[in-house]
Amino acid sequence: MKIVQGDELEWVRGLEYRGGTFHYRNLIEGTPGTIDNFQLSMGRNDKDFVSPRHRHNFEQFRFQLEGDLNFARDGIMTPGMVGYFPEGTSYGPQTSEATATTFVLQFGGSSGQGYLSRKEVKQSMDALRATGTFDGGVYRCNEGEPGKRNMDGFQAIWEHVNGRPLQFPKPRYAQPIMMDQAHYEWVESEHNGVSEKLLGVFTERRAEASLHRLKPGATLTGTGRAVYFAWNGAGRVDGQPLRLFTTVFLDRGERATFAADEQTDLLRFGLPDLRGMSMLKPEHAVAAE
């Protein structure tokens, strides 16, 4: 179990392979090199931030904390909305007209391609600057260098780390799924004083998103493999303070008790069950579309 107080972390400059200004608080990370590696962060982008239309070979959940994010024809995420961005599915371009803050979970998905750690991304980006430049989310090779002249920034990084072409998994969904929690009803759970909004269960490996509301004095037993994020209220979690931006990671078999002193809202993202899978090898990769 890991408990992190997000409001105690510094903002750090990140996503420099995209365009514009982006800062993040690195909340929790998984184990690099494993099929179920993940990264949990709070991101803040200024109005000059831009990300071109692209796709991932990993999964992503987003929770919009403040400001709007515009994903062009895929929709606009406003505060309180939850987005599921599946592997292999193109989306964007992404822009914003003002500062926007988002809680983001990125993790290895059902394709078995895993998820690069922030350290791996940084080291690869530094190496690639010797042969090209990152401009507006695109990696552009210098004149005379082998390979494609222009490539998505993350794709260039992934291929440098893995030493082979990135072959995207076939998308399970035609576009991202954006969920407006205001249109969901609270359903009483088996815990007294606790209600739930189950937003969705995705793919055969069961990535999940849900919201939990605790009345004053109520308790909730959290279970893994999942992350919990407090975005309203106050209380205690396993003897530590529970407040705005408190984040908890529970692995399989782990439990934590959330106790509310006032009405408290928790976001829960259940990570997919990838047990029995091994990291995808080149000969098993699905051809890019």
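**Close-up 1. Nine aromatic residues gather into one cluster in this predicted model.** The members are Phe 61, Tyr 84, Phe 103, Phe 107, Tyr 173, Phe 202, Phe 229, Phe 245 and Phe 269. If you would like to look for ring pairs elsewhere too, a search of the whole structure finds 19 aromatic pairs.

**Close-up 2. Phe 58 and Phe 154 meet edge-to-face.** The two ring centres are 5.4 Å apart, and the planes make an angle of 75°. Where in the chain do these two partners come from? Phe 58 belongs to the loop between β5 (50-51) and β6 (59-66), while Phe 154 is part of helix α2 (residues 153-162). The pair therefore links distant parts of the chain, 96 residues apart. Are Phe 58 and Phe 154 buried or exposed? Both are buried.

**Close-up 3. Phe 134 and Tyr 139 form a tilted pair.** Here the distance from centre to centre is 4.9 Å, with 50° between the planes. Phe 134 is buried, and Tyr 139 is buried as well.

**Close-up 4. Phe 103 sits in the largest nonpolar core.** In soluble globular proteins, nonpolar side chains tend to be buried together. The largest core of this model has 26 residues. Which of them touch the most other members? They are Phe 38, Phe 61, Val 82, Phe 103, Leu 105, Leu 267 and Phe 269. Now follow Phe 103 outward, leaving aside its neighbours within four places in sequence. Its contacts include Leu 27, Leu 40, Met 42, Phe 61, Phe 229, Leu 267 and Phe 269, and also Ser 41 and Arg 62.

**Close-up 5. Two arginines lie over aromatic rings.** Arg 44 is placed over the face of Trp 11, at 4.3 Å from the ring centre. Arg 118 lies over the face of Tyr 24, at 3.6 Å from the ring centre.

**Close-up 6. Four strands make an open, antiparallel sheet.** Reading across the sheet, the order is β19-β24-β21-β22. Why do β19 (219-223) and β22 (240-242) each have one side without a neighbour in the sheet? They stand at the edges and each has a single partner strand, so one side stays free of a neighbour there. On average, neighbouring strands of this sheet are turned by 30° against each other, direction ignored. Zoom in on strand β21 (residues 235-237), which is joined to β22 by 3 bridges, the two running antiparallel. At this junction you can find Arg 236 opposite Pro 241 in β22.

Technical notes:
Residues are numbered from 1 along each chain as its sequence is written. This is a predicted model: local features need pLDDT of at least 70, side-chain atom pairs count only at pLDDT 80 or more; totals for chains, interfaces and linings use all residues. Side-chain values use heavy atoms; hydrogens and water are left out. A nonpolar core is a set of buried Ala, Val, Leu, Ile, Met, Phe, Trp, Tyr and Cys residues joined through side-chain atoms within 4.5 Å. Buried means under 20% relative accessible area, exposed over 50%, partly exposed in between (1.4 Å probe, protein chains only). Contact means heavy atoms within 4.5 Å. Rings of Phe, Tyr and Trp (its six-membered ring) pair if their centres lie within 6.5 Å; planes under 30 degrees apart count as stacked, over 60 as edge-to-face and the rest as tilted. A charge sits over a ring if NZ of Lys or CZ of Arg is within 6 Å of the ring centre and within 35 degrees of the ring normal. Two strands pair if DSSP finds at least two bridges between them. Axes are lines fitted to C-alpha atoms, for helices over the stretch in contact, and angles run from 0 to 180 degrees between N-to-C directions.
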